[in-house]
Amino acid sequence: MTSTQTRTAPPAGGPPSDRSVRRAGRLAGRRAGRRAPGDSLPLRAAALAVALVCALPLVVVVFKAFESGAGKAFALVWRPRIGELLVNTVSLLVLTCAISIVLGVGAAWLVERTSLPGTAFWRIALVAPLAVPSFVNSFAWSALVPGFEGLAGAVIVTSLSYFPFVFLPVAALLRTLDQGLEDAARALGHGPWRTFARVGLAQVRPALLGGVLLVALHLLAEYGALEMLRFPTFTTAILDQFEVAFDSRSGSVLAVVLMGIAGMVLTLELLARGRVRHARVGSGTVRRATRGRLGRATPFALLGLTVLTALALGVPAWSLGTWLSRADQATEPANLGPTLWSTLSLGLVAAAVTTVATVPAAWLIARSRSWFAVAVERVTYVAASLPGVVVALALITLTISFVRPLYQTTMVLVIAYTILFLPRAMVATRAAIAAVPPELADAARTLGDSPVRAFWRVQLPLMLRGTMAGFALVFIAVTTELTATLLLAPTGTHTLATAFWHASASLDYAAAAPYAAALVVLSAPLTYLLLHGRNEESRT
């Protein structure tokens, strides 16, 4: 039961209402004489430490941009080229996010709320595109369709690569919505479509906004796919300034503009999210929503999902199959095994570190929602919107200037991964924490548990599977990360993504095919963990 709904008082001797349970929990917390975990000083200190680490690249970028004075920085901004990049970036954001919403929500509704045959298969098939890196997708489409580039090509590739970020959380919530709320809307005279628009979408709004936010942040930092499709955005222009023109000042100015766009996106998401409570505590059980009958529309629904799956998975599979069939004519990659192992180890370590780092900030934003919690979360999101090359060069500057022994070490590379992919784990962890009623911990504390013991015994088991979905998202992102890895990886360390990029950059697609196939195979099992984690989170 959300905070926007009201309940009548229960009859004498009946089960307690939501309001009485929450009042009892607050009273128990006051009697225990302890502060709420969301307000604890150690939790705030841990969240602040993570935010400060994420803010380091932001500080370096701003310092570099205004190093020669604000006048020169603004002169670089007011150029026709900046206007062109702004139009391209915003157009890509708006179109891809809109298409991702339509594809993600539409597919989720068909799979979870209708009589569509084969729902178990479609759940896996519609999440599987996350296992295909976007730059592999762009290579596949470019090989299939000559002249496939520009805004249209970029929107198609990014939409097919990122719509699962919307489908996954929305489908998980649609699966567990309370039918009673929709019955009440029907009783007020609303039809099925209006009921879904006013009741169903309102309940899945947090999941929808979180998915769209991930899509937007990925688009702001996307490089490989857009470079292959010859579609210039701020990210591709920033890398050109650093690699081609060797102009760190102009690149930093462009990065500051990109940070401004990210700040606007985050502000819009924060305003749209609101302050509605989403954990349900109270008497009774949730009535599972009944599936609507598609009837004669069933063939059209199956055709639509088949076409979507074919475009998102079939085209990359066909291209990989073509490249692999020609790989026997080329020299087999001798370093595939070591490259696979380094990719796997880096992914596991970075995903674990990033997931743990998100817990303090996610807990604060889900529980206290104070200005401090919001500021910490926004800093991590803005830092993640920076291209990997900007974060990498900022960390190189800091390590060379202050901690030279850490230069070009695995630790710095893991820190870069954490900064870049913190939002992936943050969205999943925040949703998992928000789904756990805080009154459960209050009840455990009245029985004598300390706050830490109550967390380990009561709350952690309930949020663990949802948090593992964030772990899987980060792992997939780390294994496919390109620009930061190229700059920060220790000497002799290669990943599947960098090996694929080096081979494909020289147009040796046959030599690149084994690395691309290994990337897909390595990421594929994580899609099951994503789906399983979201399913458990939605049941919490």
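**Entry 1: helix α20 and what follows**

I began at the end of α20, where Gly-448 follows the helix. The phi angle of Gly-448 is positive, near 110°. I note here that the model is predicted, and that every value in this notebook was computed from it. I then listed the buried residues of α20, which are Glu-439, Ala-441, Asp-442, Ala-444 and Arg-445.

**Entry 2: positive phi outside glycine**

I next looked up residues with a positive phi that are not glycine. Arg-230 has a positive phi of about 55° although it is not a glycine. I located Arg-230 in the loop between α12 and α13. Is Arg-230 buried or exposed? Its relative accessible area is 62%, and the cut-off for exposed is over 50%, so Arg-230 counts as exposed.

Gln-408 also has a positive phi, of about 55°, and is not a glycine. I found Gln-408 in the loop between α18, residues 388–402, and α19. The relative accessible area of Gln-408 is 32%. Because buried means under 20% and exposed means over 50%, I recorded Gln-408 as partly exposed.

**Entry 3: Leu-229 in the loop after α12**

I returned to the loop between α12 (224–228) and α13 (234–243), which also holds Leu-229. Leu-229 has a relative accessible area of 0%, so I entered this residue as buried. Which residues does Leu-229 touch, not counting residues up to four places away in sequence? I listed Ser-138, Ser-142, Phe-148, Glu-149, Gly-150, Gly-153, Ala-154 and Val-157. For Ser-138 I also noted the separation from Leu-229: 91 residues in sequence and 6.8 Å in space, C-alpha to C-alpha.

**Entry 4: the chain as a whole**

I then turned to the totals. The chain has 24 helices and 0 strands. Of its 540 residues, 53% are buried. The chain exposes about 23500 Å², and carbon and sulfur atoms supply 67% of that area. I also looked at contacts between residues at least 6 apart in sequence: 84% of them join residues at least 24 apart.

**Entry 5: aromatic pairs**

I found 8 aromatic pairs in the structure. One of them joins Phe-135 and Phe-500, with 5.7 Å centre to centre and 35° between the planes, and is tilted. Phe-135 belongs to helix α6 (residues 134–144) and Phe-500 to helix α23 (residues 496–505). These two residues are 365 residues apart, and the pair links distant parts of the chain. Both Phe-135 and Phe-500 are buried.

A further pair is formed by Tyr-417 and Phe-421, whose ring centres are 6.3 Å apart. Why is this pair stacked? The planes of the two rings stand at 20°, and planes under 30 degrees apart count as stacked. Tyr-417 and Phe-421 lie 4 residues apart in helix α19 (residues 410–434), so about one helical turn separates them. Tyr-417 is buried, with a relative accessible area of 0%. Phe-421, at 11%, also counts as buried, because the cut-off is under 20%.

I closed this entry with a cluster: Phe-135, Phe-139 and Phe-500 form one aromatic cluster.

**Entry 6: the largest cavity**

I counted 2 cavities of 30 Å³ or more. The largest cavity holds about 520 Å³ of space. Its lining has 30 residues, and those nearest its centre are Tyr-162, His-218, Glu-222, Phe-421 and Arg-424. Phe-421 is thus a residue I had already met in the stacked pair. Which helices each supply at least two residues of this lining? They are α6, α7 (150–162), α11 (205–221), α19 and α21. By class, I recorded 20 nonpolar, 7 polar and 3 charged residues in the lining of the largest cavity.

**Entry 7: the second largest pocket**

Lastly I examined the second largest pocket, with a volume of about 550 Å³. This pocket is lined by 26 residues, and the closest to its centre are Leu-43, Val-359, Trp-363, Phe-455 and Trp-456. At least two lining residues come from each of α2 (41–65), α16 (336–367), α20 (438–446) and α21 (451–480). Where does the largest share of this lining come from? I found that α21 provides it, with 12 residues. The lining of the second largest pocket divides into 20 nonpolar, 4 polar and 2 charged residues. The helix of my opening entry, α20, therefore appears again among the helices that supply this lining.

Key:
Residues numbered from 1 in each chain as written. Predicted model: local features only at pLDDT ≥ 70, side-chain atom pairs only at ≥ 80, totals over all residues. Heavy atoms only, no water. Buried < 20%, exposed > 50% of the residue type's maximum accessible area, 1.4 Å probe, protein only. Contact = heavy atoms within 4.5 Å. Areas by Shrake-Rupley, 256 points an atom, 1.4 Å probe, with all protein chains shown as cover. Phe/Tyr/Trp six-rings, centres within 6.5 Å; stacked < 30°, edge-to-face > 60°. 1 Å grid on protein atoms, 1.4 Å probe; cavity = no way out; pocket = protein on both sides within 12 Å on 5 of 7 lines; lining within 4 Å. Points joined across faces, edges and corners; volume = space filled by probe spheres on them. Nonpolar A, V, L, I, M, F, W, Y, C, P; charged D, E, K, R; others polar.
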